[in-house]
Amino acid sequence: MTLPSRELKRRARSVLEGKYFFAANAACTLMLYSFFVTLILQNTGLGSSEKPLNLAFYYILWVIMALLGSLLEVGLVRYVYLLSQKKEASLTPSLLYAFRNQPDTYILVYALRYFLGLIWFIPALLKANQLPVNLEPFALIKALIPVLLLILAAVLPALGASLPYALAPYVVLDEPDCLARDALRTSRRLMNGNYLRLFRLWLSFLPFILLIFGTSGVAILWVKPYYHTTMSQFYMEVSHQKLPEEPQISIVV
């Protein structure tokens with residue numbers, strides 16, 4: 001019997017009860033990392049350069065920083081995954097876990113997932129780079145409409161391309177010595193017959209995404225742990241893991 005999205009989310013809330021402070025700290029670390037990376041890259045001036053080589057270097061740096069950020073993301077995923085398994089969870093070691101354990105495997109897994117998702121947004125990115133600078137507000141809104149339409153057109157294909165490999169990070173957490181291709185293959189196998197379920201689960205987080213935008217990103221401190229814990233519950237169900245009856249969890253900062 002498969003569990004509906006609302007039950008997976010209820011279980012995730014139960015797992016995080018009393019532990020949100022620690023999970024939010026991990027999400028805050030990720031947000032600060034993204035903020036400082038964005039600030040540093042924007043101050044290089046490469047993104048506004050008219051030279052193709054400078055622009056290429058700018059986007060290469062973005063990719064490198066995003067992949068390094070994915071190692072921190074793994075830390076948060078591991079922390080809430082351990083909580084979901086009713087195991088001892090230590091926040092600080094978890095955040096640095098992927099840097100010490102097969103970082104190349106995690107980077108390859110996330111690189112493929114990023115590529116399959118972001119490739120659909122290339123037309124919108126190219127269109128945005130063609131926008132003139134110093135436009136008046138009304139002219140800017142008008143010029144952005146084609147960009148927004150291209151972004152909306154890319155969302156569904158990007159999600160569809162990412163679905164088969166959504167569980168690969170959890171596979172590597174369960175099998176630390178496995179290769180990236182094996183983790184991706186296992187994720188694809190686990191997802192057989194579950195594509196629509198996971199897609200509906202992702203769609204159920206749409207209001208929370210709007211909440212993040214509405215709070216200028218602050219809500220991500222609550223939404224990100226909630227999402228990853230729900231995904232942990234989904235993975236544990238499709239991989240047929242059985243939880244112990246009584247939780248035995250200790251929290252260490």
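Select helix α3 (residues 52-84) together with α13 (220-238) in this predicted model. Their axes lie 9 Å apart and the two helices pack at an angle of about 60°. That angle makes α3 oblique to α13. The crossing of the pair is right-handed.

Now show the side chains where they touch. On α3, pick Glu73, Leu76, Val77, Val80, Tyr81 and Ser84. On α13, pick Lys224, Pro225, His228, Thr229, Ser232, Gln233, Tyr235 and Met236. Coloured by class, this contact shows seven nonpolar, five polar and two charged residues.

Keep α13 on screen and add helix α2, residues 20-43. The axes of α2 and α13 come within 8 Å and cross at roughly 110°. The two helices are therefore roughly perpendicular to each other. From α2, the residues to select are Tyr20, Ala23, Ala24, Ala27, Cys28, Leu30 and Met31. Their partners in α13 are Ile220, Leu221, Trp222, Lys224, Pro225 and Tyr226. The contact of α2 with α13 holds 12 nonpolar residues, no polar ones and one charged. Lys224 and Pro225 of α13 appear in the contact with α3 and also in the contact with α2.

Next, select helix α11, residues 195-203. Which of its residues are buried? They are Arg197, Leu198, Leu201 and Trp202. These four cover an arc of only 135° around the axis, which puts them on the same side of α11. An α-helix has 3.6 residues a turn, so residues three or four places apart point the same way. To see what the buried residues of α11 pack against, display α1 (5-16), α8, α10 (180-191), α12 (206-214) and α13.

Go from there to Asn194, in the loop between α10 and α11. Is Asn194 buried or exposed? With a relative accessibility of 11%, Asn194 counts as buried, the cut-off being under 20%. Apart from its neighbours within four places in sequence, Asn194 is in contact with Phe234 and Val238.

For another helix pair, select α7 (residues 122-129) and α8 (residues 137-162). Their axes come within 8 Å and cross at roughly 170°. The pair is therefore roughly antiparallel. The crossing of α7 past α8 is left-handed. In α7, highlight Pro123, Ala124, Lys127 and Ala128; these meet Pro146, Val147, Leu150 and Ile151 in α8. Sorted by class, the residues of this contact are seven nonpolar, no polar and one charged.

Stay on α8 and select Pro137, which lies in that helix. Pro137 has a relative accessible area of 57% and is exposed. Draw a distance from the C-alpha atom of Pro137 to that of Arg181: the value is 47 Å, for residues 44 apart along the chain.

The last stop is Tyr97, in helix α5 (residues 97-100). Its relative accessibility is 11%, so Tyr97 counts as buried. Which residues does Tyr97 contact, leaving aside its neighbours within four places in sequence? Select Arg78, Tyr106, Leu173 and Pro176 to see them. Then draw a C-alpha to C-alpha distance from Tyr97 to Asp182: the two are 20 Å apart in space and 85 residues apart in sequence.

Key. Residues are numbered from 1 along each chain as its sequence is written. This is a predicted model: local features need pLDDT of at least 70, side-chain atom pairs count only at pLDDT 80 or more; totals for chains, interfaces and linings use all residues. Side-chain values use heavy atoms; hydrogens and water are left out. Axes are lines fitted to C-alpha atoms, for helices over the stretch in contact, and angles run from 0 to 180 degrees between N-to-C directions. Angles under 35 degrees count as roughly parallel, over 145 as roughly antiparallel, 65 to 115 as roughly perpendicular and the rest as oblique. A crossing is left-handed if the near helix is turned anticlockwise from the far one by less than a right angle, and right-handed if clockwise. Contact means heavy atoms within 4.5 Å. Ala, Val, Leu, Ile, Met, Phe, Trp, Tyr, Cys and Pro count as nonpolar, Asp, Glu, Lys and Arg as charged, and the others, Gly among them, as polar. Buried means under 20% relative accessible area, exposed over 50%, partly exposed in between (1.4 Å probe, protein chains only). The arc is that of the directions from the helix axis to the C-beta atoms.
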